[in-house]
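The exercises below concern enclosed spaces, an open pocket and a helix crossing. Work through each task before reading its solution.

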Amino acid sequence: MSPETYAGNDDAAQRDPNRPIALITGATRGIGRAIAEDLSADHHILVGGTDAARTAAVVAELPSAEPFVADLQDLGAVVTAVTEAGLDSLDVLVHSAGVAATGTLEQTPAQEWQRSFAVNVFAVAELTRLLLPALRTAKGQVIAINSGSGYVSRNGGGLYSATKFALRALTDALREEERGTVRVTSIHPGRVDTDMQVQLQSAMGNEDYDGSRYVAAESVAVTVRTALSMPAEAMVDELAIRPVRG
Ligand SMILES: NC(=O)c1ccc[n+]([C@@H]2O[C@H](COP(=O)([O-])OP(=O)(O)OC[C@H]3O[C@@H](n4cnc5c(N)ncnc54)[C@H](OP(=O)(O)O)[C@@H]3O)[C@@H](O)[C@H]2O)c1
């Protein structure tokens with residue numbers, strides 16, 4: 001990104017040079033928000049979200065942060081947000097934004113396939129591609145929040161698993177392509193107590209939602225912190241985290 005771009009970005013001008021920079025998509029809620037809160041102890045955070053007001057509310061709660069607003073279904077909006085961010089160097093890119101669809105193949109229209117792949121796969125690929133120069137400069141790390149569904153596909157979960165299988169293929173390839181320049185970690189949580197899990201349980205007809213049965217979003221943030229804490233010669237390729245209660 002050119003110095004001219006930097007000069008036009010007030011947020012960039014206010015970044016603390018002593019804090020590594022982390023861009024976290026889906027940081028307004030759930031897992032991404034827990035990761036943003038945890039990393040904000042020692043990082044400057046770019047808070048990813050679709051809505052300017054919701055994103056600004058999270059930014060206001062963190063010690064050093066700025067908004068990164070884009071509907072990830074819109075690749076033009078992704079390009080604009082990256083350009084406006086003016087990142088010459090990026091230490092951490094966490095892909096947490098995601099959508100979960102349920103239903104059999106027969107029940108799932110083409111538009112739902114397009115929406116799920118757009119957010120869970122295409123946006124991850126494009127955002128990573130656009131930010132690779134900045135990540136290489138920082139010898140940065142990419143963390144993808146995948147899922148247990150990135151390994152198994154079950155009745156009614158084919159679309160979600162298809163996106164997460166594709167995400168695993170993407171991160172596996174990226175890890176090899178960037179070996180020695182950018183470290184790539186795939187995190188595979190089981191069920192996590194977030195809005196998405198409430199929605200999934202409701203879709204399965206389980207109306208007595210009990211979040212204590214599931215992993216806390218803050219615990220997934222611990223796995224991200226663990227991957228980021230590796231010494232420079234080591235990389236966590238994959239990490240699975242599951243509820244104790246199964
Ligand atoms: N919850 C689970 O049980 C579980 C388990 C395994 C893996 N995961 C994965 O973990 C990740 C986070 O899930 P979560 O449970 O934290 O979900 P969540 O609570 O539903 O939050 C989803 C986040 O993604 C953002 N997002 C959704 N669509 C977007 C779009 N089109 N453009 C930009 N941002 C968008 C939302 O932003 P807005 O607030 O702006 O809408 C929100 O911040 C996902 O990739 C999910 O597949 C979740």
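**Exercise 1.** Determine which helix gives the most residues to the lining of the second largest cavity, and describe that lining.

*Solution.* The model is a predicted one. Step one is to assign the lining to elements: α6 contributes the most, with 4 residues. Step two is to list the lining, which consists of Thr-25, Leu-72, His-95, Ala-97, Val-119, Ala-123, Val-124 and Leu-127. Step three is to sort these residues by class, which gives 6 nonpolar, 2 polar and no charged residues. Step four is the volume: the second largest cavity holds about 30 Å³ of space.

**Exercise 2.** Find how many cavities of 30 Å³ or more the structure holds, and state what lines the largest.

*Solution.* The count is 2 cavities. The largest cavity encloses about 40 Å³. Its lining is made up of His-95, Ser-96, Ala-97, Asn-120, Val-124, Ile-145, Lys-164 and Leu-167. Two or more of the lining residues come from each of α6 (110-138) and α7 (158-177). Sorting by class gives 4 nonpolar, 3 polar and 1 charged. The charged residue is Lys-164. His-95, Ala-97 and Val-124 appear in the lining of the largest cavity and also in that of the second largest.

**Exercise 3.** Describe the second largest pocket by volume, lining and residue class.

*Solution.* Begin with the volume, which is about 160 Å³. The residues that line this pocket are Lys-139, Gly-140, Arg-179, Gly-180, Thr-181, Val-182, Arg-183, Ala-232 and Met-235. The classes come to 3 nonpolar, 3 polar and 3 charged residues. The charged ones are Lys-139, Arg-179 and Arg-183.

**Exercise 4.** Is Lys-139 buried or exposed, and where does this residue lie?

*Solution.* First locate the residue: Lys-139 sits in the loop between α6 and β5 (141-145). Next check the backbone, where Lys-139 has a positive phi of about 50° although it is not a glycine. Then take the relative accessible area, which is 55% for Lys-139. The cut-off for exposed is over 50%, so Lys-139 counts as exposed. Lys-139 is also one of the residues lining the second largest pocket.

**Exercise 5.** Classify the crossing of helices α3 and α9 by angle and by hand.

*Solution.* The axes of α3 (residues 30-39) and α9 (residues 217-228) come within 8 Å and cross at roughly 55°. This angle makes α3 oblique to α9, because it falls outside the ranges for roughly parallel (under 35 degrees), roughly perpendicular (65 to 115) and roughly antiparallel (over 145). As for the hand, the crossing of α3 and α9 is right-handed.

Notes. Residues numbered from 1 in each chain as written. Predicted model: local features only at pLDDT ≥ 70, side-chain atom pairs only at ≥ 80, totals over all residues. Heavy atoms only, no water. 1 Å grid on protein atoms, 1.4 Å probe; cavity = no way out; pocket = protein on both sides within 12 Å on 5 of 7 lines; lining within 4 Å. Points joined across faces, edges and corners; volume = space filled by probe spheres on them. Buried < 20%, exposed > 50% of the residue type's maximum accessible area, 1.4 Å probe, protein only. Axes fitted to C-alpha atoms, helices over the stretch in contact; angles between N-to-C directions. Left-handed = near helix turned anticlockwise from the far one by under 90°.
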